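Work through the exercises below with the sequence and the model open beside you, and try each task before you read its solution.

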Amino acid sequence: MPELLLELFSEEIPARFQRRAAEDLKKAVTNALVDVGLVYEGAKAFVTPRRLALSVSGLPARSPDTREEKKGPKVGAPQPAIDGFLRSAGLSSIDQAKVESDPKKGEFYVAVIEKPGADAVDLLSGILPKVMTDFGWAKSMRWGSGSFNWVRPLRAITATFGTENDEPIVVPFAAAGLESGQTTFGHRFLAPDAIRVKRFEDYQIALERAKVVLDIDRRKDIIRTDADNLAFAQGLSVIHDEGLLEEVAGLVEWPNVMMGSFDPEFLKLPEEVIIATIRANQKCFCLRDAAGKLAPNFIITANTIPADGGAVVIAGNERVIRARLSDAAFFYQGDLAIPLEHGLPKLEDMVFHAKLGSQFAMVERLVHLAAQIAPKVGADVDLTKRAAMLAKADLVTGMVGEFPELQGLMGRYYATAQKEPDAIASAIEMHYKPLGPTDRVPTEPVSIAVALADKLNVLSGFWSIDEKPTGSRDPFALRRAALGVIRIITENGLKFPLEVEPDLLSFFHDRLKVSLRDAGARHDLLDAVISADSNDILQITQRVEALSTLLANDDGANLLAGYRRAANILAAEERKDGKAFAGAVDQAALKLPEETTLASAVEAVNGAVSALVAEDDYKSAMAELATLRGPVDAFFTAVLVNDEDAAVRANRLNLLARLRDTMHLVADFSKVAG
């Protein structure tokens with residue numbers, strides 16, 4: 001079957017846009033193909049700095065004929081209804097419709113709409129320019145005198161359609177002032193000549209010969225492998241950075257890995273400063289020696305094959321890195337000369353948010369909140385207050401001004417150099433964490449107190465001005481802050497009830513559900529243990545874990561079945577009687593041994609579970625509930641709840657209510673599915 005080859009050749013596409021653009025192109029084209037009836041077998045998208053490419057295989061030569069019956073109004077319906085039906089069906093007269101009869105609804109009109117298929121090339125000629133016009137780049141531009149928007153100026157369009165045995169057809173269309181054809185170009189420097197291509201297989205081979213690796217993941221593998229081998233030969237190892245690797249692979253079409261070096265004197269700088277400088281300015285990878293220390297070397301990925309073996313490229317990178325590290329050393333020494341607290345007044349000139357005030361105002365609130373939290377997490381109040389006061393001080397330093405990603409970390413370095421206690425220095429670094437699901441969580445009491453205070457300060461602040469996340473929009477990373485609070489509490493096993501407004505508490509519930517579901521918890525178990533006023537995050541997670549354990553065994557599953565039976569009987573009888581049964585069991589009214597046994601068991605378990613819940617021992621509480629399985633099964637086997645004696649009936653319903661209420665001490669079992 002025929003295949004489509006599409007290449008959009010342009011000036012350099014920013015690396016950060018490339019992978020998403022390739023996926024968006026595949027999605028847009030394949031969706032449009034399906035919409036016009038061109039069902040395909042497979043599609044692959046590719047991207048390099050200068051091209052977006054798409055191969056769609058297994059396409060039919062034309063779309064199929066279609067036949068659709070469209071039901072219309074009843075015979076004799078008002079003329080406006082008939083006119084609307086004719087317009088929607090594309091008919092010029094009602095005589096073109098047929099009449100069908102329904103025993104219940106009578107006679108009505110039906111339009112038979114038959115559409116012949118169309119040649120795939122004709123359909124593609126309409127699809128492809130529309131896809132290009134509607135393509136959604138994060139940033140786009142115009143060039144020349146045209147009105148077409150693209151991420152960078154387009155230089156050529158390749159669009160061919162055909163089988164592997166035939167000369168392909170060029171899909172004819174125009175966009176951005178260019179006519180589609182079957183001409184592409186190789187590497188800008190190494191093989192810039194035009195290349196005539198037919199279909200994807202020879203296109204990929206031709207590009208490889210022209211020094212272009214089409215697949216971004218293959219370029220990443222080449223860079224990673226060559227860098228590792230080059231480093232190994234020197235007794236070094238690469239500090240792998242997936243984000244940087246993705247970016248570098250998006251900067252080159254023919255990767256060539258080389259190694260440079262810098263003055264070992266710069267190793268006196270914090271290694272994070274060196275790595276950030278080399279990464280940000282030259283997109284190079286840093287290395288470690290056999291002892292695990294930062295080495296005075298770096299990996300360059302060039303987009304060429306230098307005739308001199310790379311001497312000029314290496315020297316150029318070394319020159320720039322030397323200058324950048326000199327700047328970093330200047331910032332570092334300048335920052336060290338000024339005590340952190342001396343920078344606090346400058347925070348008054350930094351606006352945190354127009355409605356929340358300056359960074360200094362946020363720090364004042366942070367200090368107050370951290371002091372309240374400290375005793376609850378076992379932290380020294382005075383150390384916590386000072387750590388909170390200094391937590392944002394590095395924002396005004398030269399180094400953080402140059403590398404914002406080092407905020408907190410540089411504060412720790414400066415605090416340590418200025419003889420602040422270790423607990424304070426650590427808290428300054430850790431108060432931003434965790435920044436993501438794999439990031440470290442603070443574990444020291446002062447760090448925990450300041451980190452919790454920082455996140456709760458931000459959350460409560462934005463809630464107070466009604467700036468909340470909506471849909472996928474979360475410009476202030478409030479979801480991340482809430483998940484950070486949850487991780488700090490749960491991973492440190494903290495008894496730390498959240499004292500926040502109901503709406504914000506509900507937001508925490510939503511984030512907790514996301515977190516627990518990601519960890520494999522069932523959604524119904526979450527609903528069973530979370531109520532509107534549940535503010536103890538650790539307690540919720542412990543209840544979910546204990547409930548999951550209970551229901552994983554036969555006793556729990558059978559007890560749940562007994563609970564449902566009891567709850568259903570109660571619901572039906574309470575509706576019938578117009579009253580609720582409160583669970584007050586009259587021991588003298590118990591007639592059968594099975595109901596006596598259940599009543600005794602429920603009372604014993606109720607007391608035990610209440611005590612265990614008070615101690616937050618939910619596993620033991622669930623284990624106590626599991627002991628009710630036998631008495632419950634025996635009760636429903638031997639006892640008729642709706643006895644003819646009204647007093648006996650009421651007493652048995654109260655017993656079931658007592659069972660229900662006892663189980664609700666640990667979870668709302670009515671919300672458990674299955």
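Helices, taken as H or I runs of at least four residues, and strands, taken as E runs of at least two, are DSSP runs numbered from the N terminus. The model used throughout is a predicted one.

**Exercise 1. Overall form**

Task: State how many helices and strands the protein has, and decide whether it is spread out or compact by the globule rule.

Solution: Begin with the secondary structure, which comes to 23 helices and 18 strands. Next, take the radius of gyration, which is 35 Å, and set it beside the 26 Å that the globule rule gives for 674 residues; the value is well over the rule, so the protein is more spread out than a compact globule. Then turn to the C-alpha trace, which spans about 100 × 95 × 50 Å along its principal axes. For the surface, the protein exposes about 32000 Å², of which carbon and sulfur atoms supply 51%. Finally, buried residues make up 48% of the 674 residues, and among contacts between residues at least 6 apart in sequence, 68% join residues at least 24 apart.

**Exercise 2. The nonpolar cores**

Task: Find which residues touch the most other members of the largest nonpolar core, and which helix gives the largest share of this core.

Solution: The largest nonpolar core holds 132 residues, and those that touch the most other members are Leu452, Leu547, Leu625 and Phe669. The largest share of this core, twelve residues, comes from helix α14, which covers residues 445-464. A second, separate core has 57 residues, including Phe17, Leu25, Val171 and Val252. To look more closely at leucine 452, leave aside its neighbours within four places in sequence; its contacts are then Ile373, Val377, Val485, Ile488, Ile489, Leu494 and Phe496. As a general background, nonpolar side chains in soluble globular proteins tend to be buried together.

**Exercise 3. Two cysteines**

Task: Explain why cysteine 286 is not bonded to cysteine 284.

Solution: A disulfide needs two cysteine sulfur atoms within 2.5 Å, and by this rule the count comes to zero disulfides. Cysteine 284 is in no disulfide, since the nearest cysteine sulfur, that of cysteine 286, is 8.1 Å away. Seen from the other side, the closest cysteine sulfur to that of cysteine 286 is in cysteine 284, and the 8.1 Å between them is too far for a bond. As for burial, cysteine 284 counts as buried at 2% relative accessibility, and cysteine 286 counts as buried at 3%.

**Exercise 4. Aromatic pairs**

Task: Decide whether the pair of tryptophan 143 and phenylalanine 148 is stacked or edge-to-face.

Solution: The count comes to 15 aromatic pairs. In the pair of tryptophan 143 and phenylalanine 148 the centres are 6.3 Å apart and the planes stand at 85°; planes over 60 degrees apart count as edge-to-face, so this pair is edge-to-face. By contrast, phenylalanine 148 and tryptophan 150 form a stacked pair, with 5.9 Å centre to centre and 20° between the planes. Phenylalanine 148 is buried at 14% relative accessibility, tryptophan 150 is buried at 1%, and tryptophan 143 is buried as well. Ring pairs link Phe135, Trp137, Trp143, Phe148 and Trp150 into a cluster.

**Exercise 5. Surroundings of one tyrosine**

Task: Determine whether tyrosine 332 is buried or exposed, and list its contacts beyond four places in sequence.

Solution: Tyrosine 332 is found in helix α8, residues 311-336. Its relative accessible area is 10%, and under 20% means buried. Leaving aside neighbours within four places in sequence, tyrosine 332 is in contact with Leu269, Pro270, Met399, Met410, Tyr413 and Tyr414. The C-alpha atoms of tyrosine 332 and valine 273 are separated by 9.1 Å, although the two residues are 59 residues apart along the chain.

Terms used: Residues are numbered from 1 along each chain as its sequence is written. This is a predicted model: local features need pLDDT of at least 70, side-chain atom pairs count only at pLDDT 80 or more; totals for chains, interfaces and linings use all residues. Side-chain values use heavy atoms; hydrogens and water are left out. A nonpolar core is a set of buried Ala, Val, Leu, Ile, Met, Phe, Trp, Tyr and Cys residues joined through side-chain atoms within 4.5 Å. Buried means under 20% relative accessible area, exposed over 50%, partly exposed in between (1.4 Å probe, protein chains only). Contact means heavy atoms within 4.5 Å. The radius of gyration is taken over C-alpha atoms; the globule rule is 2.2 Å times the number of residues to the power 0.38. Accessible areas come from the Shrake-Rupley method with a 1.4 Å probe; for residues, only the protein chains shown count as cover. Rings of Phe, Tyr and Trp (its six-membered ring) pair if their centres lie within 6.5 Å; planes under 30 degrees apart count as stacked, over 60 as edge-to-face and the rest as tilted.
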